[in-house]
Amino acid sequence: MTLTTRPPARNAAFRIGLAVLALMATASQALAHGVTAGDKGYIQEITGIHLLPFLYLGAKHMVTGYDHILFLFGVIFFLYRMKHIAIYVSLFAIGHSTTMLLGVYFEIGVNSYIIDAIIGFSVVYKALDNVGAFKRWLGFQPNTKAATLIFGFFHGFGLSTKILDYQISRDGLIPNLLAFNVGVEIGQMLALGSILIVMGYWRGTKSFWTYAYTANVAMMTAGFVLIGYQLTGFFVM
């Protein structure tokens with residue numbers, strides 16, 4: 001379901017939404033892919049199989065990864081049935097799990113600024129999709145399931161790129177990666193559960209349709225800010 005007309009929205013709520021999401025998008029890059037300096041040192045120093053620590057790191061990454069959470073927020077924004085939510089979340093999980101595992105195992109490096117800019121674009125894309133922009137501009141609705149899977153691939157490369165940057169040991173690599181991926185899925189479920197609780201409450205109020213367009217514009221703005229932030233880093237740093 002998409003929003004094709006813009007309901008009235010109060011300017012104050014609009015500005016607040018933009019400010020909150022813009023602050024999220026301009027937070028430190030460490031939070032974008034959730035690996036702190038301490039975690040970096042730990043990953044670089046250990047060898048062998050460490051399932052629980054990597055499980056924790058994976059969950060921590062997803063819970064603190066605001067770019068992933070913004071995309072998930074957009075994906076489920078107009079999904080009401082758990083069956084549909086499960087389908088889209090599963091497609092996203094398949095996508096990012098595949099490229100994360102293969103990217104690290106085969107050491108497929110992608111520039112972190114470029115991949116994070118693409119992840120920012122995924123947020124913009126989903127917000128535009130939610131407000132019905134593509135149907136108006138192109139005359140047809142792109143396949144939303146395919147888009148979710150494809151952007152999941154890019155989100156996975158964001159994960160793998162960061163792990164490769166921290167020179168993870170090849171000793172115990174596969175078990176550790178699998179544990180990390182399980183942690184990511186646990187973190188995703190925790191984040192998704194929180195979003196669904198908030199969305200469930202919001203949808204039960206009259207303000208949902210009043211501010212649905214505003215929320216997606218705010219999400220789109222956050223995506224554009226993230227794109228600009230990453231491209232600036234690519235050309236300047």
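Helix H9 supplies four residues to the lining of the second largest cavity, the largest share of that lining. In this predicted model, a search of the whole structure turns up two cavities of 30 Å³ or more, and the second largest holds about 40 Å³ of space. Its lining draws at least two residues from each of H5 (66-76), H7 (112-130) and H9 (144-165). Phe-71, Val-75, Tyr-125, Lys-126, Asp-129, Thr-144, Ala-147, Thr-148 and Phe-151 make up this wall, which by class comprises five nonpolar, two polar and two charged residues.

Lys-126 and Asp-129, both part of that lining, are also joined to each other by a salt bridge, with N and O 2.8 Å apart. The two residues sit three positions apart in helix H7, about one turn of the helix. Both partners are buried, Lys-126 at 7% relative accessibility and Asp-129 at 2%.

The structure holds three salt bridges. In another of them, Asp-39 pairs with Lys-60, the closest N and O atoms lying 2.9 Å apart. Because Asp-39 belongs to helix H3 (residues 37-45) and Lys-60 to helix H4, this pair ties together parts 21 residues apart in sequence. Asp-39 is buried, at 11% relative accessible area, whereas Lys-60 is partly exposed, at 22%. A further salt bridge joins Glu-107 and Arg-170 (3.4 Å, N to O), linking the loop between H6 and H7 with the loop between H9 and H10, 63 residues apart. Here Glu-107 is exposed, at 51%, and Arg-170 is partly exposed, at 42%.

Returning to helix H4, its end C-alpha atoms are 20 Å apart, in agreement with the 20 Å expected for 14 residues at 1.5 Å a residue. Buried residues in H4 include Phe-54, Leu-57 and Met-62.

Technical notes: Residues numbered from 1 in each chain as written. Predicted model: local features only at pLDDT ≥ 70, side-chain atom pairs only at ≥ 80, totals over all residues. Heavy atoms only, no water. 1 Å grid on protein atoms, 1.4 Å probe; cavity = no way out; pocket = protein on both sides within 12 Å on 5 of 7 lines; lining within 4 Å. Points joined across faces, edges and corners; volume = space filled by probe spheres on them. Nonpolar A, V, L, I, M, F, W, Y, C, P; charged D, E, K, R; others polar. Expected span 1.5 Å × (residues − 1). Buried < 20%, exposed > 50% of the residue type's maximum accessible area, 1.4 Å probe, protein only. Salt bridge = Lys/Arg side-chain N within 4 Å of Asp/Glu carboxyl O.
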